[in-house]
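Q: Hi! Could you walk me through this structure? I'm new to this, so plain words would help.

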Amino acid sequence: MTLADTSLQRLLRAYAPMCHRLASSHEADPELARDLAQDILVAVWRAWPAFRQQCSERTYVARIAQYRIATHVGRAVREPRLAPLSDDLVAGEPTPEDHAIRSDERALLTAHVRLLPISLREVAVLLLEGFSPAEIADTLGITSNAVSIRGLRARELLRVSLENSDER
């Protein structure tokens, strides 16, 4: 180990606490402050061969620290601000669990719709697709009144069928 290496190790040990304090004074997050202090010490290690004793070691380390801190602050200013998320925050879209529940409900409803007589099934399927009674009447070639009656009968049969399946 050379004299320069031992001098650098002494310097790093002596000024590491100061580097940590400087980093902590500019960075509130303890993890980021620790990273910044390590960046400062690495910068001191890299710059040490260029040290020509123009100033004290302490001043040299502090100057390097200030440059690294300025770089860190400059980057932090450009990054978007992070805010803590609340536990009450509602997702804008359904969760995978919601998707699975909806899929199961759709499959159950489809299975029960298949059990309906064909004349009621046609009306029920079109109602579930969002068709109006007039559109269904045009599609099936029946009156709007017949669509309403078949729709009511289909709903009642589906309600009874779904209640019976819940009891099982």
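A: Happy to help, and what follows is a chat about single residues, the packing inside and the cysteines.

A: One thing to keep in mind is that this is a predicted model.

Q: Good to know. Where does Glu 27 lie?

A: Glu 27 is in the loop between helix 1, residues 3-26, and helix 2, residues 30-47.

Q: And is Glu 27 buried or exposed?

A: Glu 27 is buried, because its relative accessible area is 14%, and buried here means under 20%.

Q: OK, so what does Glu 27 touch, not counting residues up to four places away in sequence?

A: Leaving out those residues up to four places away, Glu 27 touches Leu 32, Ala 33 and His 72. With His 72 there is also a polar contact of 2.7 Å between the two side chains.

Q: Nice. New topic: how many residues are in the largest nonpolar core?

A: That core has 22 residues. Those with the most contacts inside it are Leu 11, Ile 40, Val 44, Trp 48, Tyr 60 and Val 61. Helix 1, helix 2 and helix 3, which spans 57-78, each supply at least two residues of this core.

Q: Which helix gives the largest share of this core?

A: Helix 1 does, with 8 residues.

Q: Why would nonpolar side chains be found together?

A: In soluble globular proteins, nonpolar side chains tend to be buried together.

Q: What does Tyr 60 touch, again not counting residues up to four places away in sequence?

A: Tyr 60 touches Ala 47, Trp 48, Ala 50, Phe 51 and Cys 55, with those residues up to four places away left out. Apart from the largest core lies another core, of 6 residues, among them Val 113, Leu 116, Ala 154 and Leu 158.

Q: You mentioned a cysteine there. How many disulfides does the structure hold?

A: The structure holds 0 disulfides.

Q: Why is Cys 19 not in a bond with Cys 55?

A: The closest cysteine sulfur to that of Cys 19 is in Cys 55, but the two are 14 Å apart, so they are too far for a bond. A disulfide needs the sulfur atoms within 2.5 Å. Cys 19 is also buried, with a relative accessible area of 0%.

Q: Last one: what about Asp 39, where is its place?

A: Asp 39 is in helix 2, and it is partly exposed, with a relative accessible area of 37%.

Q: How many residues apart in sequence are Asp 39 and Ser 119, and what about in space?

A: Asp 39 and Ser 119 are 80 residues apart in sequence, and 76 Å apart in space from C-alpha to C-alpha.

Technical notes. Residues numbered from 1 in each chain as written. Predicted model: local features only at pLDDT ≥ 70, side-chain atom pairs only at ≥ 80, totals over all residues. Heavy atoms only, no water. Helix = DSSP H or I, 4+ residues; strand = E, 2+ residues; numbered from the N terminus. Buried < 20%, exposed > 50% of the residue type's maximum accessible area, 1.4 Å probe, protein only. Polar contact = N/O pair within 3.5 Å; in protein donor to acceptor, adjacent residues only side chain to side chain. Contact = heavy atoms within 4.5 Å. Core = buried A, V, L, I, M, F, W, Y, C linked by side-chain atoms within 4.5 Å.
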